[in-house]
Amino acid sequence: MLRTDRLALCHFWVAFGLFLPAVVLGAWQMLMRSPLPAPLDDSNLYYASVTLHGTVMAYVLTTFFAMGFGYAVAVTSLGRPLRGIAAAWIGFAICVIGTLMAAATVIAGRATVLYTFYPPLLASAWFYCGVTLLVGGSMIWVVLMIVNMAAWKRANPGAPVPLALFAVTASACLWAWTASGVTAELLGVILPAAFGMTTQIDAGLARTLFSVTLHAIVYFWLMPAYIAFYTLLPQAAGGRLYSDKVARLVFIMFLVFSLPVGMHHLFADPEHGVGFKFLQAFFTFFVVLPTLMTVFSICASLEIAGRIRGGRGLFGWIGALPWREPMVLAGGLSLLMLGLGGFGGLINMSYAMNSMIHNTSWVTAHFHLIFGGTVVIMYFAIAYEMWPRLTGKPLCSKNLARWQLWLWFWGMLITTIPWHVAGLMGQPRRVASFDYGIPVVARTAPWVDASVLGGAILLISAILLIVVLVRSHFGARTADSPLRYALAVHPPLRVPAALNGFALWNVLVLVLVVAAYGYPIGQFFFVLKPHSTPAYEVTRSALPSDP
Amino acid sequence: MTSWSRNAWLLSGLTLLAFVLGFTVVGRFEPDSPRLGTWAAFCRSLGFTADRGAATEPQPTPRTPTTVAWTRETLAEVAAGDATRGAFIALNCTACHGEEGVSGSDLAPTLAGADAAALYKELADYRSGKRLWGVMNGVAKALSERDCADVAAYFATRQHGLQPITGILAPQAGRSLRQSDPASRLVYAGDPSRGIAPCAVCHGPSGYKVGAPALLRQRTAYIERQTAAFAQGERQNDIDEQMRTVAAQLTAQEMHAVAVFYGGYGLPDTVP
């Protein structure tokens, strides 16, 4: 088990070790976009910085965190050593190599294509190879999670798989489906051009393939947060999980509903008709179901905890909760941000309302609030919960951890709420520098300044996080503190086969993906045949005719 | 289990409803366009619009700015240029464009170190009459497509002329809209209030776009004259009209400042 602890810890350290510099870049980007003086105000540097910030936050932090979390959960929830630990280390090594390749290419100035790639923009092949390795390496984790769950089921026929592992495996299945889009885009469209095998790129096909990934990946990021909501938060609050069955259903619904919705990122795309855009917008509303079920279950679980601790009355239980526990505090703050961000998301995915905010800063503000806020604050809480378990040393200071979480919460609100407003005023996204001399742009200046302040607070919080984790890591060893998962009010003795495995649901995902994407992707091959544009190399190392 | 099957039916029903709404109702209505029948609405929902099919009405002959399109075939032809063979053809260029394409005259641009694709396109435009400049049309018409690719390859490999675009640049302060020097500001940040993109994203030093000429150390007077030609509509061979759009909005002082910036790029007595 010790070996798995080290494995999980290595994953977490890569995730958080790169997270801090990425926050520094983010804070600088905020300054660069603002009317305030900024060091090194170079527009090219801004896009390189956005590329690195996005790649680290969206691919590296999340993937490494999910993998480390998965390994830790597999061992602690099943109470037996991880199967295939050698393969896990190989996967880790592949992911690290991929990350280094991608990061080095961006730092060398050869990959300013943002994390969504934006073909026909074309970066150095090293960047795409790095991302491909990172995604490919994580597939080893997917296989290991499925193998470990299957092995446990064989050894315990008929018994319900522990909820935490069930959820982590749902997350692994979701990642495999999610990554299929970007992998197809990289291998089929981008890499042939990056390697010079062709000079043309079918940008429409690439965008559509990426949209398969683009929204489901958000739920993959969200999964560890939701797993913590269901399995760690009620325990930390001193209560019980409201319902094990609802939790299983929620994770299954995320797996099923996350995939056929990505085209709500393509509402303004000329390649697609209204039919599939509307269909996928409609499907997107289905995702609201598991989200609302979660809000209900978690509030119910917290209420159970609050009443056990002596809370009375309609709201008295809220005050009775142990808010000094980082996990409980983070859970509460996360749910608040989920509420704000969730309503913003409803606007984004609505076919008609989307046109008001399309390509404005509203969108950037939205995903920072929901991902950087709701999700990442739970990553912190999970780290605080896991660190004593993985290192055998207590958290150095719960007080500092609480400060960190509060700063992150307020920093995120101060950053993103004015950012939303600037977006509503029409500020476009993906712009390196604004001319605040123009009256219509000048109106956004105070809001952007406020966001800069929020960015600075987030940076302080990120530094505090690393301080807490490092100090805890090198603290004095004490007795082992085992990780405990929340028990359900009615712990399941048996569950229906459909709630104990994913075979049925993966078939359903396949059917839905084919229904939702079969035509939109197929049309590029059968309907819109001659469809490529020249790739636009954003960086250039040599002239084509050089000897 | 009845609640399970009821939920399954409910979800299937909603999915079906989404299909019906998406493919028969949503496509039926569109602002400023007549209401469509079911079949037409279905087609529009799939993405078939009137302009995607064959045109039914006679169209006026399109007036294209150039006959070059950056297809796979064109780029392959440029890449296949033979510099050794091109060197022989280039003997014809020396009189105006200088020894090995390093021009000593403000009338003729420096060709040494120019991008092969851009040279190929200009020669093609001279051949087809899309760009007009006295002697060049006659010279270019004497060349075959293969000759153009070869001579372009030759000049692209010459040294001591234009600085090739590397795409890589150490970050430097002042390359944003905060910059007060008008030339640097236009080159690195453009002018969003006039819809002017930064020159650098296509012409270097930091960016490259296929078909756009590298301008680093080009003859200052040549750059200024070409910018003015685009502004006045004398020159019209920019594929997407980007140069005509940008140049028409520049003042004479700005054209001069940008030309000086590129002409003296990296030379000791100028500030890049």
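In the predicted model, B:R63 is placed in the loop of chain B that runs between helix α2 (38-46) and helix α3 (72-79). The residue is exposed, since its relative accessible area of 63% lies over the 50% that marks the exposed class. The side chain of B:R63 nevertheless has a partner, for a polar contact of 2.3 Å joins the side chains of B:R63 and B:Q236. With respect to the backbone, B:R63 and B:A83 are 20 residues apart along the chain, and their C-alpha atoms are separated by 33 Å.

The chain that carries this loop is helical in its regular elements, with 13 helices and zero strands in chain B, so that the order of elements from the N terminus on is α-α-α-α-α-α-α-α-α-α-α-α-α. Chain B is more spread out than a compact globule, because its radius of gyration of 26 Å is well over the 19 Å that the globule rule gives for 272 residues. The extent of the C-alpha trace along its principal axes is about 85 × 45 × 40 Å. Of the 272 residues of chain B, 43% count as buried, and the accessible surface of the chain comes to about 14,300 Å², with 61% of it belonging to carbon and sulfur atoms. When contacts in chain B between residues at least 6 apart in sequence are considered, 63% of them join residues at least 24 apart. Chain B carries 25 positive and 25 negative charges, and the mean positions of these two sets are 6 Å apart.

Several backbone features in the loops of both chains were also examined. Most residues other than glycine have a negative phi, and most peptide bonds are trans. In chain B, a cis peptide bond with an omega of about 10 degrees joins B:G204 and B:P205, and B:P205 is placed in the loop between α10 (200-203) and α11 (220-231). In chain A, a cis peptide bond is found between A:P119 and A:P120, where omega is about 15 degrees; A:P120 belongs to the loop between helix α3 (85-107) and strand β1 (121-122) of that chain.

Positive phi values in residues other than glycine are found at B:E241, where phi is near 65 degrees, and at A:N359, where phi is near 60 degrees. B:E241 lies in the loop between α11 and α12 (242-248) of chain B, and the residue is partly exposed, with a relative accessible area of 43%. A:N359, for its part, is found in the loop of chain A between α13 (354-357) and α14 (361-391), and at 37% relative accessibility A:N359 counts as partly exposed.

A buried position is provided by A:Q404, which is found in helix α15 (residues 398-424) of chain A. The relative accessibility of A:Q404 is 0%, and the residue therefore counts as buried, the class being defined by a relative accessible area under 20%. When residues up to four places away in sequence are not counted, A:Q404 touches A:F380, A:Y384, A:S461, A:L464 and A:L465. A:Q404 is thus buried within a helix of chain A, whereas B:R63 is exposed in a loop of chain B.

Key:
Residues are numbered from 1 along each chain as its sequence is written. Chains are lettered from A and ligands numbered from 1 in the order in which they are written. This is a predicted model: local features need pLDDT of at least 70, side-chain atom pairs count only at pLDDT 80 or more; totals for chains, interfaces and linings use all residues. Side-chain values use heavy atoms; hydrogens and water are left out. Helices (H or I, at least four residues) and strands (E, at least two) are DSSP runs, numbered from the N terminus. The radius of gyration is taken over C-alpha atoms; the globule rule is 2.2 Å times the number of residues to the power 0.38. Buried means under 20% relative accessible area, exposed over 50%, partly exposed in between (1.4 Å probe, protein chains only). Contact means heavy atoms within 4.5 Å. Accessible areas come from the Shrake-Rupley method with a 1.4 Å probe; for residues, only the protein chains shown count as cover. Lys and Arg count as positive and Asp and Glu as negative; His and the chain ends are not counted. The place of a charge is taken as NZ of Lys, CZ of Arg, CG of Asp or CD of Glu. A polar contact is a pair of N or O atoms within 3.5 Å; within protein, one must be able to donate a hydrogen and the other to accept it, and residues adjacent in sequence count only if both atoms are side-chain atoms.
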